[in-house]
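Biologist: I am new to this structure and would like to learn how to read it step by step. Could we go through it together?

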Amino acid sequence: MHITVSTLTITVQLQHQYLTTELNGVELVSTNRKWKPDDLRRTRAFVMPGREEVLVYKMLTVNHLTLQAKFEFFDKSLNTANDMTSAPPLKFNFNMIQLLITMKKLVATNELIVKYKLTSSLIQNLGGF
């Protein structure tokens with residue numbers, strides 16, 4: 001399985017908070033246990049045949065990720081009708097993010113357990129704060 005999306009924008013707006021996430025060049029690929037793209041028949045692994053557990057491997061790659069957040073807060077010193085002011089928006093840009101996803105599907109209970117691992121480049125970028 002191979003899915004490619006050129007741009008995906010997710011916007012969340014609460015009462016006084018605004019968050020926009022833009023993902024450019026999104027690619028989802030089914031992989032084998034060694035994180036190499038493979039035929040769908042080889043992307044599922046049975047943990048133990050008697051327990052009916054299946055492991056599924058997916059790799060999500062994003063070429064560019066932009067996170068932008070804007071907050072408004074009450075400021076009584078403004079003496080205006082709504083006393084609202086906004087902080088400067090926060091904006092984060094990340095390039096080449098890779099997310100390795102392992103999903104365990106329990107066939108008997110139809111339960112799905114998801115584990116993931118970010119690549120080191122994103123962790124290094126976040127570590128600077």
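What follows is a conversation about the fold, the surface and two residues.

Biologist: Which elements make up the secondary structure of the chain, and how do they run from the N terminus on?

Modeller: Bear in mind that this is a predicted model. The chain has one helix and seven strands, and from the N terminus on the order is β-β-β-β-β-β-β-α. Among contacts with a separation of 6 or more, 52% join residues 24 or more positions apart.

Biologist: How many of the residues count as buried?

Modeller: Of the 129 residues, 26% count as buried, while the chain exposes about 9,300 Å², of which carbon and sulfur atoms supply 57%.

Biologist: Which residues make the nonpolar surface patch?

Modeller: The patch, of about 700 Å², is made by Met1, Ile3, Val5, Leu8, Ile10, Val12, Leu14, Leu19 and Leu40. Strand 1 (residues 2-13) gives the largest share of this patch, five residues, whereas Leu19 has its place in strand 2 (residues 17-30).

Biologist: Why does Leu19 count as partly exposed?

Modeller: Partly exposed lies between the cut-offs of 20% and 50% relative accessible area, and Leu19 counts as partly exposed because its relative accessibility is 37%.

Biologist: Is Lys115 buried or exposed?

Modeller: Exposed means over 50%, so Lys115, at 59% relative accessibility, counts as exposed. Lys115 lies in strand 7 (residues 111-118), and, leaving aside neighbours within four places in sequence, Lys115 is in contact with Leu100, Ile101 and Thr102. Lys115 and Ile101 are 14 residues apart in sequence, yet 5.9 Å apart in space, C-alpha to C-alpha.

Methods:
Residues numbered from 1 in each chain as written. Predicted model: local features only at pLDDT ≥ 70, side-chain atom pairs only at ≥ 80, totals over all residues. Heavy atoms only, no water. Helix = DSSP H or I, 4+ residues; strand = E, 2+ residues; numbered from the N terminus. Buried < 20%, exposed > 50% of the residue type's maximum accessible area, 1.4 Å probe, protein only. Contact = heavy atoms within 4.5 Å. Areas by Shrake-Rupley, 256 points an atom, 1.4 Å probe, with all protein chains shown as cover. Patch = residues over 30% accessible without salt bridge, like charges linked within 9 Å, V, L, I, M, F, W, Y side chains within 5 Å. Salt bridge = Lys/Arg side-chain N within 4 Å of Asp/Glu carboxyl O.
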